[in-house]
Amino acid sequence: MANLMRGIVNRLFTFHMKSDDPGFREDLDRWMAIAGKWDDPVLDQAFLDAVASLKSRPNN
């Protein structure tokens, strides 16, 4: 889980740091054209239920 979170944080950090770079923006625009054809995201109910379960435990 720690590796997953590190990867997510590093990618978000990279995105924000490179967002003003014209070359990066061109690449991003090409990917966004493809991403526009993806299915819409949906909430993961199992994840939400797990979080709610954790919140209802004592000491949380």
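pLDDT is the predictor's confidence in each residue, on a scale from 0 to 100. The structure above is a predicted model, so let's begin with that confidence and then work through its shape and contacts.

## Exercise 1: Confidence

Find the mean pLDDT of the protein chain, and say which element has the lowest mean value and which the highest.

**Solution.** Start with the whole chain: its mean pLDDT is 92. Next, look at the spread, where 98% of the residues reach 70 or more. Then go element by element: helix 2 comes out lowest, with a mean of 91, and helix 1 comes out highest, with 95.

## Exercise 2: Overall shape

Work out how many helices and strands the protein chain has, and whether it is spread out or a compact globule.

**Solution.** First, list the elements: the protein chain holds three helices and zero strands. In sequence order this gives the pattern α-α-α. Now compare sizes: the globule rule gives 10 Å for 60 residues, while the radius of gyration of the protein chain is 17 Å, well over that value, so the chain is more spread out than a compact globule. For the dimensions, a box along the principal axes that holds the C-alpha atoms is roughly 50 × 25 × 15 Å.

Finally, turn to the surface. Buried residues make up 2% of the 60 in the protein chain. The accessible surface is about 6000 Å², and carbon and sulfur atoms account for 62% of it.

## Exercise 3: A nonpolar patch

Identify which residues form a nonpolar patch on the surface, and classify Met5 by its accessibility.

**Solution.** The members of the patch are Met1, Leu4, Met5, Ile8 and Leu12. Together they offer about 540 Å² of accessible area. Met5 sits in helix 1, which spans residues 2-18. Its relative accessible area is 43%. The exposed class needs over 50% and the buried class under 20%, so Met5 is partly exposed.

## Exercise 4: The aromatic pair

Count the aromatic pairs and decide whether the rings of Phe15 and Phe24 are stacked, tilted or edge-to-face.

**Solution.** The count is one aromatic pair. The ring centres of Phe15 and Phe24 lie 6.0 Å apart and the planes meet at 70°. Since planes over 60 degrees apart count as edge-to-face, this pair is edge-to-face. As for exposure, Phe15 is partly exposed at 33% relative accessible area, and Phe24 is partly exposed too, at 22%.

## Exercise 5: Salt bridges

Count the salt bridges, then name the partners of Asp21 and Arg30 and classify these residues by accessibility.

**Solution.** Recall the principle: side chains of opposite charge can pair when their charged atoms come close. The count here is two salt bridges.

- Asp21 pairs with Lys18, and their closest N and O atoms are 3.1 Å apart. Asp21 is partly exposed at 29% relative accessibility, and Lys18 is partly exposed at 35%.
- Arg30 pairs with Asp27, with an N to O distance of 2.2 Å. Both residues belong to helix 2 (residues 22-35) and lie three residues apart, about one turn of the helix. Arg30 is exposed, with a relative accessible area of 52%, whereas Asp27 is partly exposed at 35%.

How values were computed
Residues are numbered from 1 along each chain as its sequence is written. This is a predicted model: local features need pLDDT of at least 70, side-chain atom pairs count only at pLDDT 80 or more; totals for chains, interfaces and linings use all residues. Side-chain values use heavy atoms; hydrogens and water are left out. Patches are made of residues with over 30% relative accessible area and no salt bridge: like charges are joined within 9 Å, nonpolar side chains (Val, Leu, Ile, Met, Phe, Trp, Tyr) within 5 Å. Accessible areas come from the Shrake-Rupley method with a 1.4 Å probe; for residues, only the protein chains shown count as cover. A salt bridge is a side-chain nitrogen of Lys or Arg within 4 Å of a carboxyl oxygen of Asp or Glu. Helices (H or I, at least four residues) and strands (E, at least two) are DSSP runs, numbered from the N terminus. Buried means under 20% relative accessible area, exposed over 50%, partly exposed in between (1.4 Å probe, protein chains only). Rings of Phe, Tyr and Trp (its six-membered ring) pair if their centres lie within 6.5 Å; planes under 30 degrees apart count as stacked, over 60 as edge-to-face and the rest as tilted. The radius of gyration is taken over C-alpha atoms; the globule rule is 2.2 Å times the number of residues to the power 0.38.
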